[in-house]
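Please open the structure in a viewer and keep the sequence beside it. The tour below proposes what to select at each stop and describes what is found there.

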Amino acid sequence: QPAIGISRHALDSRMAAAFQDAGGELRLRSRAKFEPGAEGWLDATGRHAARGGWAGMKVHLTAFETRAPLEFHLGRGAYVGASAIEGGTVNVCGLFRPPISGTGSGIARMLSHLEACGLGDLAARMRAATPEGGSFCAVAGLGFASWPSSRRGPRVGDSAGMIPPFTGDGMAIALQGGVAAAAPLAEYASGSCTWHEAAERVSAVTRRKFAMRLGAAAVLHPFLTLRAGQASLAMLHRTGMLPFGAVFNALH
């Protein structure tokens, strides 16, 4: 099926507008005093940093030479994807195993590390393109864990658990988790159930909905990041023994 490519900048802006149009109060440039487990609080505060975790880097490029609508590159301790987004721009985003080698900062450091990972051809095409101002970003301490318990209250999105980028759609999990949490939270707001009952239902439905995806991703991800695993995947693909359909269904 045809896919729609959109940047997080555009998606977040549209979601914020829809939220306000529905009557929501959006408070910018402020931080709430969140108390885990407190009544009425849903933890949707994003990922939790993991000691010694992965690093992510991304940039939007114009005039980038694409060779497929969606590109996927495997390197030593890294993988990188390139896909079109709005405005004729291409989003190049990678996951890297620290330490990050190379010199410089920002996109220069990303290009240098791509070459160190054996992805020199991709780095060369990126150097020939034009970075979109302010689009480069990097994060560290990315960890991928199973769904946690509900002792700290109900969670949705990356706060509840992150799936490795290539093995699943983290944005879909976040959106579907929000939809799943809506009914129990609405019942609590109307007085039809207690907060404890609503929180338990939110935690139970998210675990039931996403446990297989996160478990399958934990099994598959090392094959993408280790040289021996990459060689095994390549061999299975060449011999036609890689069960794409079964793997895809387990991860989505």
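In this tour, a contact means heavy atoms within 4.5 Å, and a residue is called buried when its relative accessible area is under 20%. The model is predicted.

**The whole chain**

Begin with the entire protein in a cartoon view. The protein has 7 helices and 6 strands. Followed along the sequence, these elements give the pattern α-β-β-β-β-α-α-β-β-α-α-α-α. The radius of gyration is 20 Å, close to the 18 Å that the globule rule gives for 252 residues, so the protein is as compact as a globular protein of that length. Along the principal axes, the C-alpha atoms fill a box of roughly 60 × 40 × 40 Å.

Next, display the surface. The protein exposes about 14600 Å², and carbon and sulfur atoms supply 58% of that area. Of the 252 residues, 35% count as buried. Among contacts with a separation of 6 or more, 66% are accounted for by residues 24 or more positions apart. If the charged side chains are coloured, 25 positive and 17 negative ones appear, and the centres of the two sets lie 8 Å apart.

**The first hairpin: E2 and E3**

Select residues 70-75, strand E2, together with residues 78-84, strand E3. The two strands run antiparallel and are joined by 6 bridges. They form a hairpin with 2 residues between them. Within the turn, Gly77 has a positive phi of about 65°. Beside the turn, Gly75 stands opposite Ala78 in E3.

**The second hairpin: E3 and E4**

Keep E3 selected and add residues 90-96, which are strand E4. E3 and E4 pair in the antiparallel sense over 7 bridges. Two pairs are convenient to label: Ala78 stands opposite Phe96 in E4, and the bridge partner of Tyr79 is Leu95 in E4. This hairpin has 5 residues between its strands, and Gly87 in the turn has a positive phi of about 75°.

**The other partner of E4**

Where does E4 find a further antiparallel partner? Select strand E1, residues 54-62. E1 and E4 are joined by 7 bridges and run antiparallel. One pair to label here is Val59, which stands opposite Val92 in E4. E4 thus pairs with E3 and also with E1. E4 is mostly covered, with 6 of its 7 residues buried. In a regular strand the side chains alternate between the two faces of the sheet.

**Helix H2 against the strands**

Now select residues 107-116, helix H2, and show its side chains. Which residues of H2 are buried? They are Met110, Leu111, Ser112, His113 and Leu114. These buried residues pack against E1, E3, E4 and helix H3, which covers residues 120-128. After H2 comes Gly118, whose phi is positive, near 90°.

**Three stops in the loops**

Move to the loop between E4 and H2, where Pro99 is found. The peptide bond from Pro98 to Pro99 is cis, with omega near 5°.

Then select Arg29, in the loop between helix H1 (8-21) and E1. Arg29 is not a glycine, yet its phi is positive, at about 50°. Is this residue buried or exposed? Arg29 is exposed, with a relative accessible area of 88%.

Ala63 offers a second example, in the loop between E1 and E2. Its phi is near 60°, a positive value in a residue other than glycine. Ala63 is exposed as well, with a relative accessible area of 64%.

**Gly143, the last stop**

Finally, select Gly143, which lies in the loop between strand E6 (137-142) and helix H4 (170-189). Its relative accessibility is 24%, and Gly143 counts as partly exposed. Which residues does Gly143 touch, leaving aside those up to four places away in sequence? They are Ala50 and Met162. To complete the tour, draw a distance between the C-alpha atoms of Gly143 and Trp54: these residues are 89 residues apart along the chain, and the two atoms are separated by 6.5 Å. Trp54 belongs to E1, residues 54-62, the strand that runs antiparallel to E4.

Definitions and conventions
Residues are numbered from 1 along each chain as its sequence is written. This is a predicted model: local features need pLDDT of at least 70, side-chain atom pairs count only at pLDDT 80 or more; totals for chains, interfaces and linings use all residues. Side-chain values use heavy atoms; hydrogens and water are left out. Two strands pair if DSSP finds at least two bridges between them. Helices (H or I, at least four residues) and strands (E, at least two) are DSSP runs, numbered from the N terminus. The radius of gyration is taken over C-alpha atoms; the globule rule is 2.2 Å times the number of residues to the power 0.38. Buried means under 20% relative accessible area, exposed over 50%, partly exposed in between (1.4 Å probe, protein chains only). Accessible areas come from the Shrake-Rupley method with a 1.4 Å probe; for residues, only the protein chains shown count as cover. Lys and Arg count as positive and Asp and Glu as negative; His and the chain ends are not counted. The place of a charge is taken as NZ of Lys, CZ of Arg, CG of Asp or CD of Glu.
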